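Trainee: Could you take me through this structure feature by feature, giving the general idea before the particular case?

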Amino acid sequence: MKQHYPFPLVPLPYPYDGLTPELSKEILTFHHDKHLKTYVDNLNNLLAGYPDLQNLSLEDLLMQLDSLPKALQTGVQNNGGGVYNHNLYFACMTPEKNLKPEGELLTAMNRDIGSYEEFVTKFTAAAMGQFGSGYAWLISKNGSLQIINLPNQNTPIAKGIKPILNLDVWEHAYYLQYQNRRAEYVQNWFSLVNWPYVSELYLQSC
Ligand code: MN3
């Protein structure tokens, strides 16, 4: 994720039909090729006229929102956040179903959240409690785990907090398959989580 301008459309790390039946090929195709691509294109268009910002990574742009030119701040927050958040969301899923957290991540989860089962309950509550569009997040503050939710394309990285897992609950993430049944989408998503990858991000955050 240490790319800079022009930001690429990062390919899905699995085939478009790799997450069926929990997420249909149609959803993943629209979500990646249309929604994410739009954020990438918008971000690149925004930065096209600012050569001095073109060497900054996405993380740096998002962490320095307040020091960017005023005309860019909202656009980078929405579109830069859109790119960062989607890249994490897609990377945190895998066709290898029903994995569970292990090792140091599980130890931290048991200590800070209670258990894996408690994690599922609380993360579901965060995802369901996000009114309108946004994400549920698992964040690590120097190794200490916390569950939060944020609206729109806001991202914890803007506050210098390392996110290690997120769940997109914008309607575009599930509507084509689940219509208004966000709860069913959230429930099914847990079986897709790429816990080995989340563990890697967790260890980097400590
Ligand atoms: Mn989305």
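Mentor: We will go through the metal site, a helix, the sheet, two buried residues and some backbone details, bearing in mind that this is a predicted model.

Trainee: Let me start with the metal: which residues coordinate the manganese ion, and at what distances?

Mentor: As a general reference, ideal angles at a metal are 109.5 degrees for four tetrahedral donors, and 90 or 180 degrees for six octahedral ones. In this model the manganese ion is coordinated by the NE2 atoms of His31, His86 and His172 together with an OD atom of Asp168, at 1.9 to 2.1 Å. Written along the sequence, the donor residues have the spacing H-x54-H-x81-D-x3-H. Within that set, His31 in helix H1 (residues 25-47) and His172, in the loop between strand S3 (162-168) and helix H6 (175-178), link distant parts of the chain, being 141 residues apart.

Trainee: Are His31 and His172 buried or exposed?

Mentor: Both His31 and His172 are buried.

Trainee: Turning to helices, which residues of helix H7 (residues 182-189) are buried, and how are they arranged around the axis?

Mentor: The general idea is that an α-helix has 3.6 residues a turn, so residues three or four places apart point the same way. In H7 the buried residues are Arg182, Tyr185, Val186 and Trp189. Viewed down the axis of H7, these buried residues fall within an arc of 95°, so they line one face of the helix. Among the elements that cover them are helix H3 (70-91), helix H5 (116-129), S3 and H6.

Trainee: How should I read the sheet, and in what order do its strands lie?

Mentor: In a regular strand the side chains alternate between the two faces of the sheet. Here three strands form an open sheet with antiparallel pairing, in the order S2-S1-S3. Strand S2 (144-151) and S3 are at the edges with a single partner strand each, and therefore one side of each has no neighbour in the sheet. From one strand to the next, the twist averages 25°.

Trainee: How many bridges join S1 to S2, and how many join S1 to S3?

Mentor: Strand S1 (residues 134-141) runs antiparallel to S2 and is joined to it by eight bridges, while six bridges join S1 to S3, also in an antiparallel arrangement. To follow the register, take Ala136, whose bridge partner in S2 is Asn149, and Ser140, whose bridge partner in S3 is Lys162. The connection between S1 and S2 is a hairpin with two residues between the strands, and Asn142 in that turn has a positive phi of about 50°.

Trainee: What lies across the sheet, and how well is S3 covered?

Mentor: Helix H3 lies across S1 and S3, running at about 80° to S3. S3 is mostly covered, since six of its seven residues are buried.

Trainee: What surrounds Leu43 and Ser57?

Mentor: Leu43 lies in helix H1, and because its relative accessibility is 0%, Leu43 counts as buried. Leaving aside neighbours within four places in sequence, Leu43 is in contact with Phe7, Leu58, Val76, Asn79, Gly80 and Val83. Ser57 is found in the loop between H1 and helix H2 (58-63), and it counts as buried because its relative accessibility is 7%. The side chain of Ser57 reaches the backbone nitrogen of Asp60 at 3.1 Å, and, not counting residues up to four places away in sequence, Ser57 touches Gln3, His4 and Phe7.

Trainee: Where does the backbone take up cis peptide bonds or positive phi values?

Mentor: Most residues other than glycine have a negative phi, and most peptide bonds are trans. In this model the bond from Tyr5 to Pro6 is cis, with omega near -10°, and a cis peptide bond also joins Thr20 and Pro21, where omega is about 0°. Pro6 is in the segment before H1, and Pro21 lies in the segment before H1 as well. As for phi, Asn98 has a positive value near 60°; Asn98 lies in the loop between H3 and helix H4 (103-112) and is exposed, with a relative accessible area of 53%. Asn152, in the loop between S2 and S3, has a positive phi of about 55°, and Asn152 is partly exposed, its relative accessible area being 40%.

Conventions
Residues are numbered from 1 along each chain as its sequence is written. This is a predicted model: local features need pLDDT of at least 70, side-chain atom pairs count only at pLDDT 80 or more; totals for chains, interfaces and linings use all residues. Side-chain values use heavy atoms; hydrogens and water are left out. Donors are N, O and S atoms within 2.8 Å of the metal (3.2 Å for Na, K and Ca); water is not among the atoms, so sites may look incomplete. Helices (H or I, at least four residues) and strands (E, at least two) are DSSP runs, numbered from the N terminus. Buried means under 20% relative accessible area, exposed over 50%, partly exposed in between (1.4 Å probe, protein chains only). The arc is that of the directions from the helix axis to the C-beta atoms. Contact means heavy atoms within 4.5 Å. Two strands pair if DSSP finds at least two bridges between them. Axes are lines fitted to C-alpha atoms, for helices over the stretch in contact, and angles run from 0 to 180 degrees between N-to-C directions. A polar contact is a pair of N or O atoms within 3.5 Å; within protein, one must be able to donate a hydrogen and the other to accept it, and residues adjacent in sequence count only if both atoms are side-chain atoms.
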